[in-house]
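Here's a quick briefing to read with the model open next to you. Have a look at the fold, then work through the points below.

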Amino acid sequence: MIQRLFLLLVLVPTSSFFSSKADEIKVVVTSNHSLDEDQREVSLLQDPLRGFDKRKLGNDICVSSRRYEKYSQRAALMDIYYQGGIDDYFVDGDINDECTWLGVHCENGLVRRLDLKATDLDGTISTMVGLLVNLEWLDLSVNVDLVDKVPDLSDLTKLVFLDVADTLVTGDVSEACDDGQARIISYSEIASNGVTCKCSPSSICQPKRYDIIDNDYVFNP
C-alpha cells in the first residue's frame with residue numbers, strides 16, 4: 001500500500017485540561033493503510049499527558065517553541081500540585097492562567113520561580129518538574145510530608161536556587177549544578193539515605209544539620 005501522510009485537526013477542550021476555550025492542534029499521523037482501511041482517530045484526550053512528553057510532543061504536534069513551553073509548564077505545574085496533594089492551587093487566581101497559581105512567578109508568561117515553601121505538600125516531587133525549563137528558583141522546603149527521591153533535574157539548566165530542606169526527600173541533586181547554574185542548594189540531612197550534593201565549589205551545597213532532643217529534631221546551624 002502507498003504510505004500516506006495526512007493531518008488531523010484535533011480540538012482539545014480546555015475545560016477538561018487547560019482553559020475554557022478550545023485550542024486547535026495539528027497532529028501528524030503516518031499510516032501504512034489507506035484512509036478507508038484505517039480510520040483511526042487520534043485524540044490527545046485519550047491520554048491527557050501524552051502531548052507533554054518531550055519526544056512525543058516534538059514528533060506528534062506541530063507547535064511553536066513558545067507554545068510548547070506554555071503547554072509544558074501548565075501540565076508540569078498541574079502534576080506537581082497533584083502529586084503534592086494540593087487541590088486548590090488556583091483558588092486565588094485564574095484557572096486559565098498558570099502564572100496566577102499558587103507559588104508561581106512568571107516573566108513574559110514563562111514560569112521563572114516556583115515557591116511552595118510550607119504549603120503542606122504531601123507526597124512526592126513530580127517527575128514532570130523537568131518540563132519547567134525556564135525555572136530559576138525552586139523552593140519546596142518546610143514540607144515535612146514531602147518524601148521519596150528527587151526527580152531528574154538535568155533539564156533545569158537555568159536553575160540558580162534549589163531548596164528542599166525540612167523535607168524527607170532523598171537522592172542526588174548534583175545535576176542542578178552539573179547541568180545547570182545552581183548557586184545555592186539547601187537540603188536536610190535527617191532523611192534515611194538523605195540528599196547528596198557534590199557540587200564545585202562545595203559552598204553551593206548547604207546542608208541543614210539537626211540534633212535530636214527529646215525525640216524532636218532541632219536545627220543545628
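S3 and S4 make a hairpin with two residues between them, and Asn-108 in that turn has a positive phi of about 55 degrees. Bear in mind that this is a predicted model, where local features need pLDDT of at least 70, side-chain atom pairs count only at pLDDT 80 or more, and totals for chains, interfaces and linings use all residues. Residues are numbered from 1 along each chain as its sequence is written, and side-chain values use heavy atoms, with hydrogens and water left out.

**The hairpin and its neighbour**

- Strand S3 (residues 104–107) and strand S4 (residues 110–115) pair in the antiparallel sense over four bridges; two strands pair if DSSP finds at least two bridges between them.
- Strands (E, at least two residues) and helices (H or I, at least four) are DSSP runs, numbered from the N terminus.
- Within the hairpin, Cys-106 of S3 stands opposite Val-111 in S4.
- S4 also pairs with strand S6 (residues 137–139), this time in the parallel sense over three bridges.
- Across that pairing, Asp-115 stands opposite Asp-139 in S6.

**The four-stranded sheet**

- Four strands in the order S5-S7-S9-S11 build an open sheet with parallel pairing.
- Its edges are strand S5 (122–124) and strand S11 (195–196), each of which pairs on one side only.
- S5 and S7 are joined in the parallel sense over three bridges, and Asp-122 stands opposite Asp-145 in S7.
- Strand S7 (residues 145–149) and strand S9 (residues 168–172) are also a parallel pair, over three bridges.
- Between S7 and S9, Val-147 stands opposite Leu-168, and Asp-148 stands opposite Val-169.

**Backbone oddities and loops**

- Asp-148 lies in strand S7 and has a positive phi of about 75 degrees although it is not a glycine.
- Is Asp-148 buried or exposed? Neither label fits: at 46% relative accessibility, Asp-148 counts as partly exposed (buried means under 20% relative accessible area, exposed over 50%, partly exposed in between, with a 1.4 Å probe and protein chains only).
- Asp-166 is another non-glycine with a positive phi, of about 60 degrees; Asp-166 sits in the loop between strand S8 (161–164) and S9.
- Asp-166 counts as buried, because its relative accessibility is 19%.
- Val-173 is in the loop between S9 and helix H3 (175–178), and counts as buried because its relative accessibility is 0%.
- Val-173 and Pro-151 are 22 residues apart in sequence, with 8.7 Å from C-alpha to C-alpha in space.
- Look for the cis peptide bond from Ser-200 to Pro-201, with omega near 5 degrees; Pro-201 is in the loop between S11 and strand S12 (205–213).

**Aromatic contacts**

- There are five aromatic pairs in the structure.
- The rings of Tyr-89 and Phe-90 have centres 5.0 Å apart and planes at 80 degrees, so they count as edge-to-face.
- For reference, rings of Phe, Tyr and Trp (its six-membered ring) pair if their centres lie within 6.5 Å; planes under 30 degrees apart count as stacked, over 60 as edge-to-face and the rest as tilted.
- Tyr-89 is buried, at 12% relative accessible area, whereas Phe-90 is partly exposed at 29%.
- One aromatic cluster takes in Tyr-81, Tyr-89, Phe-90 and Trp-101.
- Elsewhere, the charged end of Arg-113 sits over the ring of Trp-137, 4.1 Å from its centre (the call needs NZ of Lys or CZ of Arg within 6 Å of the ring centre and within 35 degrees of the ring normal).

**Space inside**

- Rolling a probe the size of a water molecule over the atoms shows where empty space is left.
- The structure holds three cavities of 30 Å³ or more; on a 1 Å grid over the protein atoms alone, a cavity is a set of points where a 1.4 Å probe fits but cannot get out.
- The second largest cavity has about 70 Å³ of space, a volume being the space filled by probe spheres set on the points, which are joined across faces, edges and corners.
- Residues lining the second largest cavity include Ile-80, Leu-114, Thr-124, Ser-126 and Leu-146 (lining residues have an atom within 4 Å of a point).
- That lining divides into nine nonpolar, three polar and no charged residues; Ala, Val, Leu, Ile, Met, Phe, Trp, Tyr, Cys and Pro count as nonpolar, Asp, Glu, Lys and Arg as charged, and the others, Gly among them, as polar.

Technical notes. On a 1 Å grid over the protein atoms alone, a cavity is a set of points where a 1.4 Å probe fits but cannot get out, and a pocket is an open set with protein on both sides within 12 Å along at least five of seven lines; lining residues have an atom within 4 Å of a point.
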